[in-house]
Amino acid sequence: MGRSPAADSRRAYGEPGLLGDSWRTYRMVAGMWIRSTMTYRSSFALTLATSFCVTFFDFVVILLMFGQVRGLGGFSFAEVALLYGTAGTSFGIADLTMGSLQKMGKRIRDGSLDTFLMRPAPLLAQVAADKFALRRFGRIAQGLMVLVWGLLLVDVAWTPLKALLLPVTVACGAVIFGAVMVLGASTQFWLQDAAEVTNSFTYGGNTLLQYPPTIFAQELVRGVVYVVPLAFVSWLPALYVLGRPAPAGVPGWAAFASPLVAAVCCGAAGLAWRAGIRSYRSTGS
Amino acid sequence: MPPFIELDALEKTFTVRRRAGLLRREKREVRAVDGISFGVEKGEMVGYIGPNGAGKSTTIKMLTGILTPSGGRLRVAGVDPARERTRLARRIGVVFGQRTTLWWDLPLKDSYRLAHRMYRIPDDRYERNLARCVDLLDLGELLDVPVRQLSLGQRMRGDIAAALLHDPEVLYLDEPTIGLDVVSKARVRDFLRELNATRGTTVLLTTHDLTDIEQLCSRVMVIDHGRLMYDGDLAGLHAVGESERLLMVDLERELPPITDVPGARFVRAEGPRQWLAFPATTSAAPLVAAVAARHPLLDLSVREPDIEAVIAKMYGGTRDERRESLM
Amino acid sequence: MLRLYAMVAAGGFRRFAAYRVATAAGVFTNTVFGFVLSATYIALWNERPRLGGYSMDDALAYVWIGQALITVCGLMGGGFEDELIERIRTGDIAVDLYRPADLQAWWFSANAGRSAYQLLGRGVAPMAVGALVFDFALPPGPGAWLAFLLAVALGSVVGFAIWYLVAMSAFWLLDGQGVVQAAWLAGLFFSGMLLPLNVFPGTLGELARLLPWASLLQVPADVYLGKYEGWELAGAYGFQGCWALVLLGAGRAAQAAATRKVVVQGG
């Protein structure tokens, strides 16, 4: 779609490329939304506080389970906390930065997406930053705290490689979740009503990854390794850190494949997004 | 030199799916824009009118690059909008009467700051343009007011200013006076006239209000069923459409129908009030004088013909077809 | 007047029935969640059979009842509060308040229609899938089904009352999304969506079983599983009914206060 003239024009204007442009747009739009929320200052403070507290309920469920049992699928509390913390933090980051994509269908239906398209700024950045909400930080904070808790309790023979793998995993996990959200949003160009399916992979994936893979059916585990590669968000690297074997049939090096998988997911999401816009612009619906 | 905006046999076809029975779905092609050709020179101010679903919005969306045409050729400022949408975005301004692009919860000036950065407007130019808009659209008192507290007319002025900060060469206005009171309408029109006269901004305007066209546009295009039905001046449109203006007169008392004024046709009476129709192409002044000379006149008003009626009359035969309402 | 509300309810039903793709998407998502939760419950009940007085069979039935009732009883959002909050935020609500129909009754009726549709459209399919895959027991007869449906209906009323209150908060907070998110997470936890309330230990468990959210899933599920006998069943309905009355009353009070506020501010 006219890539070369667009690139030429960017050079001519002395501007950064698509990525730089997107980041700039994202910051501008998110900043406007933060200012908008801040106009209701008391409301913002209240919601931030409640959302921070209430997010903990989610983890309390796991605490309650371990109040009744010693292990779940052969995993100790500390190990489950580590799984929960890595997946939860990754998901929190993706939710903060890309969570608004889920509501894009509404923008399409009421026609406001058209006004986004009339601006000289990348569409994806505009839509992702739409309704940016700082309160979603609560989820990241909660995930990180559980992660730290798990790390303090867990009995792991730490190596430099393991120590490095953990932050890389959290970052890549966020990218994978984000890519899934972009993919989901792309399908909304065709099927605005099917937005909820994306929840199966985002919220559903997050819930899945919080528990040990040993409790799930083999087909399901294979599905999140090979079909929707959510296993790379946390399971496979975390299993390596914990010194546990990868799920049946998955090679050991897969624990280090998260960056590669994240890159592939981004590529797929980018292609889907482009195809989505192209379809929208030819059908106008 | 080719025209600034150039359409050549432009087409847009949509596939409409509709439910037919429980599971069966019917597919149907709808030509929203069906081979439209015209050119608009730089600095022209053109009215683009037609009934709902005629294809106006679809054309505007193609002109802005949001929609890719299904056929034909389109150039705006020498650029293919669909291919270079974001580049063109800096050179065009768009205002939708029914949808604001301003930030609802923030002071008006914050929306302008965002435009400043998003359109990468050089500081001095931004300051100059903002000052001009604030002055001409009387926005000074409103800059610090959250948009949600603005009246419809104030918001429209705010929206127009937002669309002009980056010095667009062409401005698309979609129903810019819809829902506004008389004073606000006049103010918006004055501003647009001034903009066109002093900056030479090309303006393409869709509206349901013929007064907009009358006061602003030297040229009007009528589109219906996705085809260009008329392209010329407004007087010509009235002539073609045999449209009539309506003169409402309040007499001192109930009197028999006025039939003795040449050029006017009695329509109806309601007590001392009577309605007379006369061709839109003729002036009202001699008519009023004639009525006043022969009858005890208290008050009068003239109503302009509305576009729907003109077009309905113009193409009376084609309006009954079943058709899909688009956008 | 009653005819008007019946029409509003029918409209609510039709409005959601029109989105078939959305229904299918929802069923898919509920089913995926059902499988994930089933796996965790199997692990849990394998370690501790008869946890919380439930057999493995009961626990699995509980999972799928929960998935079936998510939208019906508003476990994760009532499905109408976003729209109501948006109307409050934009000020359109002033128009609604001056309508001859009562605001709460209007939304109640629309929600009843929505709820009825969700029960058919999004409730039956996940239940059927769960029952087929995990082979849990169904209620023994039509009487038991009816008892369950009554509990579901009461649960749906309590769900409406909760979300209506949440939406009313937008009159004072203006940005209702934070409250919605908090209510969403609190509801997720205290309804027993993630873990049955009878597994909650000690005081927390007693408290959770007394809160209004217990009416949404725990009570209907226990009715389904035949945990109440004789007068206990009446007590369970009474519990739901009391919360429904209290919360609907609170919603009315909030609405009255909001109306005064809107009138004072002049819209």
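In this predicted model, chain C exposes about 10800 Å², of which carbon and sulfur atoms supply 69%. The chain is built from 12 helices and zero strands, so that its elements, read from the N terminus, run α-α-α-α-α-α-α-α-α-α-α-α. Its radius of gyration is 19 Å, close to the 18 Å that the globule rule gives for 267 residues, and chain C is therefore as compact as a globular protein of that length. Taken along the principal axes, the box filled by the C-alpha atoms of chain C measures roughly 60 × 40 × 35 Å. Of the 267 residues in chain C, 56% are buried, and among the contacts in this chain with a separation of 6 or more, 79% are made by residues 24 or more positions apart. Chain C carries 16 positive and 16 negative side chains, and the centres of these two sets lie 9 Å apart.

Chain A is likewise described by helices, with 14 of them and zero strands. The radius of gyration of chain A is 20 Å, close to the 19 Å given by the globule rule for 285 residues, so this chain is as compact as a globular protein of that length. The C-alpha trace of chain A spans about 60 × 50 × 35 Å along its principal axes, and 59% of the 285 residues of the chain count as buried. Among contacts in chain A between residues at least 6 apart in sequence, those that join residues at least 24 apart amount to 79%. The accessible surface of chain A comes to about 11300 Å², with 69% belonging to carbon and sulfur atoms. Chain A has 23 positive and 13 negative charges, whose mean positions are 5 Å apart.

With regard to the nonpolar interior, the largest core comprises 254 residues, and the members that touch the most other members are Tyr112(B) and Tyr172(B). The largest share of this core, amounting to 15 residues, is contributed by helix α7 of chain C, which covers residues 142-168. Apart from this core lies another one, of 12 residues, including Val249(B), Val261(B), Leu276(B) and Ala284(B). When residues up to four places away in sequence are not counted, Tyr172(B) touches Ile5(B), Ile60(B), Leu63(B), Thr64(B), Val76(B), Ile92(B), Gly93(B), Val94(B), Val95(B) and Leu204(B).

Two residues of chain B are notable for their backbone geometry. Most residues other than glycine have a negative phi. Ala77(B), although not a glycine, has a positive phi of about 55 degrees, and this residue is found in the loop of chain B between β4 (71-76) and α2 (85-89). His225(B), also not a glycine, has a positive phi of about 50 degrees and is placed in the loop between β8 (219-224) and β9 (227-232) of chain B. With a relative accessible area of 18%, His225(B) is buried, because the cut-off for that class is under 20% relative accessible area.

Note on methods: Residues are numbered from 1 along each chain as its sequence is written. Chains are lettered from A and ligands numbered from 1 in the order in which they are written. This is a predicted model: local features need pLDDT of at least 70, side-chain atom pairs count only at pLDDT 80 or more; totals for chains, interfaces and linings use all residues. Side-chain values use heavy atoms; hydrogens and water are left out. A nonpolar core is a set of buried Ala, Val, Leu, Ile, Met, Phe, Trp, Tyr and Cys residues joined through side-chain atoms within 4.5 Å. Buried means under 20% relative accessible area, exposed over 50%, partly exposed in between (1.4 Å probe, protein chains only). Helices (H or I, at least four residues) and strands (E, at least two) are DSSP runs, numbered from the N terminus. Contact means heavy atoms within 4.5 Å. The radius of gyration is taken over C-alpha atoms; the globule rule is 2.2 Å times the number of residues to the power 0.38. Accessible areas come from the Shrake-Rupley method with a 1.4 Å probe; for residues, only the protein chains shown count as cover. Lys and Arg count as positive and Asp and Glu as negative; His and the chain ends are not counted. The place of a charge is taken as NZ of Lys, CZ of Arg, CG of Asp or CD of Glu.
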